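Q: Take a close look at the salt bridges in this model. Please also cover the strand pairing.

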Amino acid sequence: MKKIVATDRAPQAIGPYSQAVKANGFLFVSGQIPLEPISGQIVYGGAGMQIRQVFSNLSAILEVEKLTFADVVKVTLYLKDMNDFAEVNGIYREYFPADPPARVCVEVARLPREVTVEMDLIAVYPS
């Protein structure tokens, strides 16, 4: 079974995809960029400000399914500039202070709307 998951507390999809999909005990959350959900505007102020907005968006999607970052098992983090790695990683640790999920972090040439960071994740539902 597959269920589409959506909330108005996170930015609406800006393309032909769902905010998240629940399937077989997992929640697959689409890549989130630093869009403020109400205005739909990009949050500027550097990688640190942008990653905090991304975490806020991801949190809203997790919460609609009664999940938290403790339920996350896999993260993919996309950075426009690997020089932002230390700053982003420091903030990332705030959200995953213990038993962090598996992760991939890659530098990419471009991200949607010219943002500096995007992140997607997979969470598991408690049994």
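A: The salt bridges come first, then the paired strands.

This is a predicted model, in which local features need pLDDT of at least 70 and side-chain atom pairs count only at pLDDT 80 or more, while totals for chains, interfaces and linings use all residues. Residues are numbered from 1 along each chain as its sequence is written, and side-chain values use heavy atoms, with hydrogens and water left out.

The structure holds five salt bridges. A salt bridge here is a side-chain nitrogen of Lys or Arg within 4 Å of a carboxyl oxygen of Asp or Glu. One of them joins glutamate 94 to arginine 52, with the closest N and O atoms 2.9 Å apart. This pair links distant parts of the chain: glutamate 94 lies in helix H2 (residues 85-95), arginine 52 in helix H1 (residues 47-64), and 42 residues separate them. Helices (H or I, at least four residues) and strands (E, at least two) are DSSP runs, numbered from the N terminus. Glutamate 94 is partly exposed, at 48% relative accessible area. Arginine 52 is also partly exposed, at 34%. Buried means under 20% relative accessible area, exposed over 50%, and partly exposed in between (1.4 Å probe, protein chains only).

Another salt bridge joins glutamate 114 to lysine 80, with the closest N and O atoms 3.3 Å apart. Distant parts of the chain are linked here too, 34 residues apart. Glutamate 114 sits in the loop between strand E5 (102-107) and strand E6 (117-124), and lysine 80 in the loop between strand E4 (72-79) and H2. Glutamate 114 is partly exposed, with 39% relative accessibility. Lysine 80 is partly exposed at 32%.

Glutamate 114 also meets arginine 110 in a salt bridge, 2.3 Å from N to O. Arginine 110 is exposed, at 61% relative accessibility. Lys80, Arg110 and Glu114 are thus linked in a network of salt bridges.

Now the strands. Two strands pair if DSSP finds at least two bridges between them. Strand E2 (residues 20-23) pairs with strand E3 (residues 26-32) in the antiparallel sense, over four bridges. Valine 21 stands opposite phenylalanine 28 in E3. E2 and E3 form a hairpin with two residues between them. In the turn, asparagine 24 has a positive phi of about 50°.

E3 also pairs with E6: the two run antiparallel and are joined by five bridges. Across this pairing, glutamine 32 stands opposite methionine 119 in E6. In a regular strand the side chains alternate between the two faces of the sheet.
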